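Let's take a walk through a protein model and see what its atoms can tell us. Have the sequence and the 3D view handy as you read.

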Number of protein chains: 2
Amino acid sequence: MNKNDEFYMREALVEAKKALEKDEVPIGAIVVVDDKIVGRGHNEREESHLISRHAEIIAIEDAEKRLNTKILDNASIYVTIEPCPMCAYAIMEAHIKKLVYGAIDEKRGAISTLDIYNKKLGSKVLYYGKIIEGECSNLLKEFFKNKR
Amino acid sequence: MNKNDEFYMREALVEAKKALEKDEVPIGAIVVVDDKIVGRGHNEREESHLISRHAEIIAIEDAEKRLNTKILDNASIYVTIEPCPMCAYAIMEAHIKKLVYGAIDEKRGAISTLDIYNKKLGSKVLYYGKIIEGECSNLLKEFFKNKR
């Protein structure tokens with residue numbers, strides 16, 4: 001764990017809480033280059049009616065627009081939950097070098113289910129999870145409990 | 001193979017050729033519901049500087065916007081090449097029931113490399129490839145040959 005991991009994961013949690021306020025599944029993501037936040041996103045699937053509007057895709061697009069490049073090879077991404085295969089592959093395609101995530105997603109997470117970063121599909125992604133795992137996970141658990 | 005598969009794949013090829021005209025990797029996609037085209041897209045990664053702008057994502061978003069729903073459970077998608085993991089999972093998440101593709105992508109295709117639709121990650125997707133494979137594949141080969 002990097003000394004800044006907790007700081008940036010708390011920023012991703014700020015994004016997740018923005019999703020929660022809109023009654024979206026509370027997931028947030030932050031893209032960081034040279035110790036600066038260059039991309040932010042939170043899940044907006046319900047609001048947009050678009051399956052692609054996951055927090056990670058939005059944060060990556062935000063960074064790509066700001067930096068005017070589709071390649072983010074000096075970037076790290078912080079996500080409050082393990083990415084799904086769509087987002088995990090977008091991270092790889094953007095050449096993001098490091099992924100840090102909070103909660104584990106054993107059912108849909110692309111690392112847990114597909115071991116996606118060890119299949120030689122593209123650029124190398126360094127990844128680790130369970131950063132502020134409890135808070136990231138509880139936010140989701142509370143959301144789904146209230147939905148029932 | 002459905003009797004309409006060739007017809008819709010030719011429409012996906014029309015999209016791929018639009019990408020080619022812009023010097024993008026020539027890949028196209030079409031979303032069909034009840035024998036009507038409700039979404040179209042071609043690769044726009046270079047033009048947009050956005051890693052998410054693959055033909056399939058654009059075609060799915062086009063259909064979702066037109067139909068005002070993120071769930072396309074009566075839809076089929078036609079793509080000129082086997083989808084990458086990002087697009088393959090977006091197809092699943094949109095509950096698209098059928099995927100038809102042209103060329104095979106042994107290196108990055110999510111079916112060839114990950115067998116993604118047999119991993120119980122979400123809704124069931126019926127899929128088959130090699131529809132007008134030669135034309136779909138040659139378009140890509142010529143593009144990369146001219147790039148060298």
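First things first: this is a predicted model. Start where the two chains meet. There, 31 residues of chain A are in contact with 31 residues of chain B. Together the chains bury about 2700 Å² between them, and 64% of that lies on carbon and sulfur atoms. Which three residues supply more of chain A's buried area than any other three? They are A:His49, A:Ile51 and A:Lys70, which supply 23% of the area that chain A buries against chain B.

Charges show up at this interface too. The rule finds eight salt bridges across the interface of chain A and chain B. One of the residues we just met takes part in a salt bridge: A:Lys70 pairs with B:Glu46, and their closest N and O atoms are 2.9 Å apart. The interface also holds 14 residue pairs in polar contact, counting pairs with both residues at pLDDT 80 or more. Which helices of chain A help build the side that touches chain B? Helix H2 (45–48), helix H3 (55–67), helix H4 (85–93) and helix H5 (110–114) each supply at least two residues. Sort the residues on that side of chain A by type and you get 13 nonpolar, seven polar and eleven charged.

Now for the inside. The largest nonpolar core has 100 residues, and A:Ile60 and B:Ile60 touch the most other members. What does A:Ile60 touch, once its neighbours within four places in sequence are left aside? Its contacts are A:Val31, A:Leu72, A:Ile77, A:Ala90, A:Ile91, A:Ala94, A:Ile96 and, from the other chain, B:Ile51.

Back to salt bridges, this time over the whole model. The count comes to 32 over all chains. Here are a few to look up, with the N to O distance for each.

| Salt bridge | N to O distance |
|---|---|
| A:Lys22 and A:Glu44 | 3.3 Å |
| A:Glu142 and A:Lys145 | 3.7 Å |
| B:Glu142 and B:Lys145 | 3.8 Å |

The pair A:Lys22 and A:Glu44 links distant parts of the chain, 22 residues apart. A:Lys22 sits in the loop between helix H1 (5–21) and strand S1 (28–33), while A:Glu44 is in the loop between strand S2 (36–42) and H2. A:Lys22 counts as partly exposed, at 35% relative accessibility.

The other two pairs lie within helices. A:Glu142 and A:Lys145 are three residues apart in helix H6 (residues 133–147) of chain A, so about one helical turn separates them. Likewise, B:Glu142 and B:Lys145 are three residues apart in helix H6 of chain B, so they are separated by about one helical turn. A:Glu142 is partly exposed at 41%, and B:Glu142 counts as partly exposed at 41% as well. Salt bridges can join up, too: A:Glu11, A:Glu15, A:Lys18 and A:Arg40 are linked in a network.

Last stop: the backbone. Most residues other than glycine have a negative phi. B:Asp35 has a positive phi, near 60 degrees, and lies in the loop between strand S1 (28–33) and strand S2 (36–42) of chain B. B:Ile132 has a positive phi near 50 degrees, and its place is in the loop between strand S5 (126–128) and helix H6 (133–147) of chain B. Is each one buried or exposed? B:Asp35 counts as exposed, at 52% relative accessibility, whereas B:Ile132 counts as buried, at 16%.

How values were computed
Residues numbered from 1 in each chain as written. Chains lettered and ligands numbered in written order. Predicted model: local features only at pLDDT ≥ 70, side-chain atom pairs only at ≥ 80, totals over all residues. Heavy atoms only, no water. Contact = heavy atoms within 4.5 Å. Buried area = accessible area lost by both parts, 1.4 Å probe. Salt bridge = Lys/Arg side-chain N within 4 Å of Asp/Glu carboxyl O. Polar contact = N/O pair within 3.5 Å; in protein donor to acceptor, adjacent residues only side chain to side chain. Helix = DSSP H or I, 4+ residues; strand = E, 2+ residues; numbered from the N terminus. Nonpolar A, V, L, I, M, F, W, Y, C, P; charged D, E, K, R; others polar. Core = buried A, V, L, I, M, F, W, Y, C linked by side-chain atoms within 4.5 Å. Buried < 20%, exposed > 50% of the residue type's maximum accessible area, 1.4 Å probe, protein only.
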